[in-house]
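Me: I am new to this structure and would like a close look at its side-chain contacts. Please walk me through them in plain words, and explain each term as you go.

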Amino acid sequence: MVYGVNLGSGDGWSHPGWQGLDTINGLFLDENSILPFEDEQLSCAFSAHFFEHISNEVSEQLFREVFRILKSGSSFRIIVPHVELMLEKYKNNDVNFFTQTIGFSGRPEWKSQGVETSFTNIFLHWIANYDELDEERLVYRGPPKFLPTNDVRQKAELCDVGDFCDWVINFIPEENNIQTQHINWWTFKKFKKLLKKAGFAKVVESSHMNSSISDVLTTQKFDNWKDRSNFSLYVEATK
């Protein structure tokens with residue numbers, strides 16, 4: 001019996017009583033997706049590092065659908081990159097936060113693609129990134145190429161987090177050989193606005209391993225499936 005759904009779970013994820021969803025009838029979740037559950041059928045929903053990969057339009061449709069399929073009083077737990085924290089660390093020149101706390105120092109193909117393994121590019125990788133393919137072979141995964149550090153610094157100081165992220169995302173190429181990865185940004189304020197719009201009665205900022213969903217507290221398959229606690233935003237919405 002299924003009582004929970006994990007949106008954007010990825011390959012290799014499974015847990016008794018839960019269904020992982022990346023596609024429906026072979027199609028990736030989109031702004032037309034209707035989740036394959038009855039009204040008020042499920043007791044919980046979860047998603048980790050997925051909503052930064054989809055647009056606001058797709059997100060709002062999924063919020064509405066999760067609200068529909070959850071029982072009254074049930075919770076929807078969401079984890080995404082904490083872009084407000086990352087922007088603040090960048091503005092404070094905290095290189096160690098990215099290279100040691102997060103543990104990311106760029107990718108090996110950056111050099112062959114003419115992309116510097118700079119502090120700015122390491123930071124931008126978490127705000128907006130994409131895959132570039134050559135006959136279906138991955139040749140590059142990273143942030144928009146060749147954004148001048150001075151421009152990034154100026155925007156980081158002058159813009160709020162949403163305007164800054166939108167500015168970076170706008171530089172992702174649109175050619176046919178481009179597959180998008182990080183194309184959206186999230187803050188607690190944005191989540192609260194859109195989840196309330198979808199009907200959720202209560203939206204709170206949570207933290208790692210702090211949840212009203214019992215499975216989150218008792219198994220490695222949720223918050224600790226891929227531990228990104230040092231740079232993640234945790235939100236929990238209750239119907």
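**Charges, rings and strands**

Reply: With a relative accessibility of 24%, Lys89 counts as partly exposed, a label for values between buried (under 20% relative accessible area) and exposed (over 50%), found with a 1.4 Å probe on protein chains only. Asp94 also has 24% relative accessibility and is partly exposed. The side chains of these two residues, Lys89 and Asp94, meet in a salt bridge with 3.6 Å from N to O; the term asks for a side-chain nitrogen of Lys or Arg within 4 Å of a carboxyl oxygen of Asp or Glu. Asp39, Glu65 and Arg68 are joined into one network by salt bridges that share partners.

Before we go on, a word on what you are looking at. This is a predicted model, in which local features need pLDDT of at least 70 and side-chain atom pairs count only at pLDDT 80 or more, while totals for chains, interfaces and linings use all residues. Residues are numbered from 1 along each chain as its sequence is written, and side-chain values use heavy atoms, with hydrogens and water left out.

Let's stay with the charges a little longer. In general, side chains of opposite charge can pair when their charged atoms come close. Searching the whole structure gives eleven salt bridges. One of them joins Glu60 to Lys197, with the closest N and O atoms 3.1 Å apart. Glu60 belongs to helix H1 (residues 56-69) and Lys197 to helix H7 (residues 188-198), so this pair ties together parts that lie 137 residues apart in sequence. Helices here are DSSP runs of H or I with at least four residues, strands are runs of E with at least two, and both are numbered from the N terminus. Glu60 is buried, with 18% relative accessibility, whereas Lys197 is exposed at 62%.

Another salt bridge brings together the side chains of Glu236 and Arg77, at 2.8 Å from N to O. This pair, too, links distant parts of the chain: Glu236 is in strand E11 (residues 232-238) and Arg77 in strand E6 (residues 70-81), 159 residues apart. Both Glu236 and Arg77 are buried.

Now for the rings. Rings of Phe, Tyr and Trp (its six-membered ring) pair if their centres lie within 6.5 Å; planes under 30 degrees apart count as stacked, over 60 as edge-to-face and the rest as tilted. By this rule there are 27 aromatic pairs. In one of these, Phe123 and Phe164 have ring centres 5.8 Å apart and planes at 20 degrees, so the pair is stacked. Phe123 sits in helix H4 (residues 119-127) and Phe164 in helix H6 (residues 161-169), so the two rings tie together parts 41 residues apart in sequence. Phe123 and Phe164 are both buried. Trp186 and Phe191 are a stacked pair as well, with 4.4 Å from centre to centre and 15 degrees between the planes. Trp186 is buried at 2% relative accessibility, and Phe191 is buried at 0%. These two residues belong to one aromatic cluster with Phe50, Phe51, Phe63, Phe67, Phe76 and Phe200.

Rings and charges also meet. The charged end of Lys190 sits over the ring of Trp186, 4.3 Å from its centre; this calls for NZ of Lys or CZ of Arg within 6 Å of the ring centre and within 35 degrees of the ring normal. Likewise, the charged end of Lys145 sits over the ring of Tyr140, 4.7 Å from the ring centre.

What about cysteines? The structure holds zero disulfides, a disulfide being a pair of cysteine sulfur atoms within 2.5 Å. For Cys159, the nearest cysteine sulfur is that of Cys165, 10.0 Å away. Cys159 is partly exposed, with a relative accessible area of 21%, while Cys44 is buried at 6%.

Finally, here is the sheet around strand E6. Six strands form an open sheet in the order E2-E1-E5-E6-E11-E10, with mixed pairing; two strands pair if DSSP finds at least two bridges between them. Strands E2 (18-21) and E10 (202-205) stand at the edges with a single partner strand each, so one side of each has no neighbour in the sheet. Further in, strands E1 (residues 4-7) and E5 (residues 42-48) run parallel and are joined by three bridges. Val5 has Ala45 in E5 as its bridge partner. Ser75 lies in strand E6 and is buried at 7% relative accessibility.
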